[in-house]
Amino acid sequence: MKTCLITGASGGVATALAAQLRDAGWRLALASRRADELALSEGELAIVADVATEDGAEAAVARATEAFGQVPDAVAHCAGAILIAPIGRTTEAQYRACLAANLDSAFFVAKAYAPRVQKAPAPGALLFFSSVAAGIGVANHAAIAMAKGGVEALVRSLAADFSGAGLRVNAIAPGLMRTPATERMLSNEAAAKAIAGQYPLGRHGEAEDAAALGAFLLSDAAGWISGQVIGLDGGFQAVRPYVKTA
């Protein structure tokens, strides 16, 4: 039975990914800062930890390793936070919180997991989440674009450092997806229509879209994929949408 630690496990994408892995027979450990927000199935482990700190990330990976009796076959790092604000109105506290939630957490989870895989008898898989804002300029995304750009650089560096140990490291760079964190942006019909119109495929993403890709990247079927940042954005970064003229 494959094992996976999911961080930020109370979020919409993490919840959808957990459901996909659960259906595929994986054994899960779910980490969050708040245990009361976790939806656990029988036999699953809840871990209360703030993985934006080194101690919290180390505790989460160590607890999962102890419970599984081995280093997790995979870690899906779903922790993060959204910040949409012009740079002139971004406070220092907002900026530092954005980097802590998105970039610091990725670094510390990798630091806790990757060296363990290096010493383990089996390979591993580490999945991060970036954003379209790291790959193309999107207005009012300065802090989050910077943080996620760092995550993408981390993916490539880790893939180089730990490929010899059989650790695959990849990231998904999604466009806007419907999750509890973005529900407010999509609650208005006119706003939802305007957002959908930005994407060549004519819709925003769903958490299940990211879960399906994430489950694939963590599986043995993706065994020759590493160091990649894969766009999941309805064509947002790749093509211009066709706009009809009168």
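**The loop before α4**

I began with alanine 139, which in this predicted model sits in the loop between β5 and α4. I noted alanine 139 as exposed, because its relative accessible area is 60% and the exposed class begins over 50%. I then looked up a through-space neighbour and found that alanine 139 and proline 86, although 53 residues apart in sequence, have their C-alpha atoms 7.6 Å apart in space.

I moved on to asparagine 140, which lies in the loop between β5 (124-129) and α4 (142-162). I wrote down its backbone as unusual enough to record: asparagine 140 has a positive phi of about 65 degrees, although it is not a glycine. Most residues other than glycine have a negative phi. I entered asparagine 140 as partly exposed, because its relative accessibility is 40%.

**α2 against α3**

I next looked up how α2 packs on α3, and found an angle of about 40 degrees with the axes 7 Å apart. I therefore recorded α2 as oblique to α3, since angles under 35 degrees would have counted as roughly parallel. The crossing in which α2 passes α3 is right-handed.

I listed the residues that meet here: from α2 they are Glu54, Ala57, Glu58, Val61, Ala62 and Thr65, and from α3 they are Phe108, Val109, Lys111, Ala112, Tyr113 and Arg116. I sorted this contact of α2 with α3 by class and got seven nonpolar, one polar and four charged residues.

Which side chains meet in a salt bridge with 2.6 Å from N to O? I found that they are those of lysine 111 and glutamate 54. This pair links distant parts of the chain, with lysine 111 in helix α3 (residues 92-119) and glutamate 54 in helix α2 (residues 54-68), 57 residues apart. I noted both partners as partly exposed, because lysine 111 has a relative accessibility of 43% and glutamate 54 has a relative accessible area of 37%.

**Other salt bridges**

I counted eight salt bridges by the rule used here, and I looked at two further pairs in detail.

The closest N and O atoms of the salt bridge between glutamate 66 and arginine 63 are 3.8 Å apart, which I checked against the limit of within 4 Å. Because glutamate 66 and arginine 63 are three residues apart in helix α2, about one helical turn separates them. I recorded glutamate 66 as exposed, because its relative accessible area is 61%, whereas arginine 63, at 35% relative accessibility, counts as partly exposed.

Aspartate 209 forms a salt bridge with arginine 203, and I found their closest N and O atoms to be 3.0 Å apart. Aspartate 209 counts as partly exposed at 26% relative accessibility, and arginine 203 also counts as partly exposed, at 44%.

**α3 against α4**

I finished with α3 and α4, whose axes come within 9 Å and cross at roughly 10 degrees. I therefore entered α3 as roughly parallel to α4.

I noted some of the residues that meet across this pair, including Tyr95, Leu99, Leu103, Phe107 and Ala110 in α3, and Ile144, Met146, Val151, Leu154 and Phe162 in α4. What does the contact of α3 with α4 look like when its residues are divided by class? I found 17 nonpolar residues, three polar and one charged.

Definitions and conventions: Residues numbered from 1 in each chain as written. Predicted model: local features only at pLDDT ≥ 70, side-chain atom pairs only at ≥ 80, totals over all residues. Heavy atoms only, no water. Helix = DSSP H or I, 4+ residues; strand = E, 2+ residues; numbered from the N terminus. Buried < 20%, exposed > 50% of the residue type's maximum accessible area, 1.4 Å probe, protein only. Axes fitted to C-alpha atoms, helices over the stretch in contact; angles between N-to-C directions. Parallel < 35°, antiparallel > 145°, perpendicular 65-115°, else oblique. Left-handed = near helix turned anticlockwise from the far one by under 90°. Contact = heavy atoms within 4.5 Å. Nonpolar A, V, L, I, M, F, W, Y, C, P; charged D, E, K, R; others polar.
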